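Q: Please take a close look at the protein–DNA contact surface in this model. I should like a connected account that goes from individual atoms to the whole arrangement.

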Protein chains: 2
Amino acid sequence: MNYSINEVANKFDLSVHTLRFYDKEGLMPFIGRDKSGNRVFTDTDLNWVAMVCCLKDTGMSIKEIKQYADWCMEGMQTIDERKEMLAAHRKQVLKQIENLKKNIELIDSKIAVYDNPELAQKLYGSLDKQQ
Amino acid sequence: MNYSINEVANKFDLSVHTLRFYDKEGLMPFIGRDKSGNRVFTDTDLNWVAMVCCLKDTGMSIKEIKQYADWCMEGMQTIDERKEMLAAHRKQVLKQIENLKKNIELIDSKIAVYDNPELAQKLYGSLDKQQ
DNA sequence: ATAGAGCTTCGAGTTAACTCTAGGTCAAGG
DNA sequence: CCTTGACCTAGAGTTAACTCGAAGCTCTAT
């Protein structure tokens, strides 16, 4: 099955601008063209776009994603680099999750104070504007 | 206990530039000054800075954090708005965590393919560059 | 009294990641 | 044949969040 840039944009909730921008930045070196020069996305390409979105949504920069794409283009001899990059990124994403969880605790304690203002006395000694 | 802008910057791993920028943007309307005009942070102020960092690190924009700070300045009659904002933000952070978890699964499956290239055959029918 | 450290403001510059515009090609339908 | 719509490129513009530089106070120690 083949897809136009518009269809891909809709599927991934990106703008066509963004997809072309990613292509221009070298994040999609595999995408083919039809006889009149329009991009043609295959199902395999959709998997690739999904991976790019995954990396982007987990905070990887476009520069790094391009490095990954470049390694993919170089073939099998870069498997180790790619694996290492993904492993490091995975670690970094776990850290993000831990951070978010820790921050939710603070948000929760703030909400608790708003729900029960007497708490503020205990927690802070007083309830001034900053609480 | 009082702290200089430098001490606060070190404590929170921010630059003094960033702290002044936050102040200029209205994120820290409580911070006092000494007789020569220098910012003086109290322990209560540190709690506030921690909250600002928490909101920032969980993806809240400076504009929104400013709204929160403004409401704090207005006093008790904005408790409901603040509580609602934090509750909505909390929900949004949970969504982020879920998203990251989902994305880690894709990263893991990719790593698994690199660890065991035969998998690719099963998953994709072939192991081309894009995998 | 003067040098240096540490603070101040103001405003300009940077970076990442889009986002948009202008002007153009191409294929299908009326 | 001509219009319409979907695509194309190149390059300019935008936005958020810093980041930095210049010029100038003020306190402390030599």
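A: In this predicted model, the side chain of Y22(B) places a polar atom 2.6 Å from a phosphate oxygen of DNA strand D. Chain A also reaches the phosphates of this strand: an N or O atom in the side chain of R33(A) is 3.0 Å from a phosphate oxygen of DNA strand D. R39(A) makes its approach through the backbone, with an N or O atom 2.8 Å from a phosphate oxygen of DNA strand D.

These contacts belong to a wider surface. Around DNA strand D there are 17 residues, and those that come nearest are S4(A), N6(A), R20(A), R39(A) and Y22(B). Of the strand D atoms within 4 Å of the protein, sugar and phosphate make up 76%, while bases supply the rest. In terms of secondary structure, at least two residues each come from α1 (5–12) and α2 of chain A and from α2 of chain B. The largest share of the surface near DNA strand D is that of α2(B), with four residues. Sorted by class, this surface near DNA strand D holds eight polar, five charged and four nonpolar residues.

DNA strand C can be described in a similar order. The number of residues around DNA strand C is 17, and the nearest of them are Y22(A), N6(B), R20(B), R33(B) and R39(B). Within 4 Å of the protein, 73% of the atoms of DNA strand C are those of sugar and phosphate. Several side chains of chain B meet phosphate oxygens of this strand. N6(B) has a side-chain N or O atom 2.5 Å from a phosphate oxygen of DNA strand C. For R33(B), a polar side-chain atom lies 3.0 Å from a phosphate oxygen of DNA strand C, and for S4(B) the corresponding distance is 3.1 Å. Two or more residues of the surface near DNA strand C are given by each of α2 (16–24) of chain A, α1 (5–12) of chain B and α2 (16–24) of chain B. Here the largest share falls to α2(A), with four residues. The classes on the surface near DNA strand C are five charged, four nonpolar and eight polar residues.

The relation between the two protein chains completes the arrangement. Chain A is superposed on chain B by a rotation of 180 degrees with 0.0 Å of shift along the axis, at an RMSD of 0.0 Å; this is therefore the relation of a two-fold axis. Both copies use the same surface, as 100% of the contact residues of chain A recur in chain B. Within chain A, the residue closest to the rotation axis is I97(A), whose C-alpha is 2.9 Å from it.

One further point concerns covalent links. There are zero disulfides over all chains. C53(B) takes part in no disulfide, and the cysteine sulfur nearest to its own, in C54(B), is 8.8 Å away. That separation is too far for a bond, so the sulfur of C54(B) is left without a partner in C53(B), its closest cysteine. C53(B) counts as buried because its relative accessibility is 10%, and C54(B) likewise counts as buried because its relative accessibility is 2%.

Notes:
Residues numbered from 1 in each chain as written. Chains lettered and ligands numbered in written order. Predicted model: local features only at pLDDT ≥ 70, side-chain atom pairs only at ≥ 80, totals over all residues. Heavy atoms only, no water. Near = heavy atom within 4 Å. Polar contact = N/O pair within 3.5 Å; in protein donor to acceptor, adjacent residues only side chain to side chain. Nonpolar A, V, L, I, M, F, W, Y, C, P; charged D, E, K, R; others polar. Disulfide = S-S within 2.5 Å. Buried < 20%, exposed > 50% of the residue type's maximum accessible area, 1.4 Å probe, protein only. Least-squares fit on C-alpha atoms with pLDDT ≥ 70 in both. Contact = heavy atoms within 4.5 Å.
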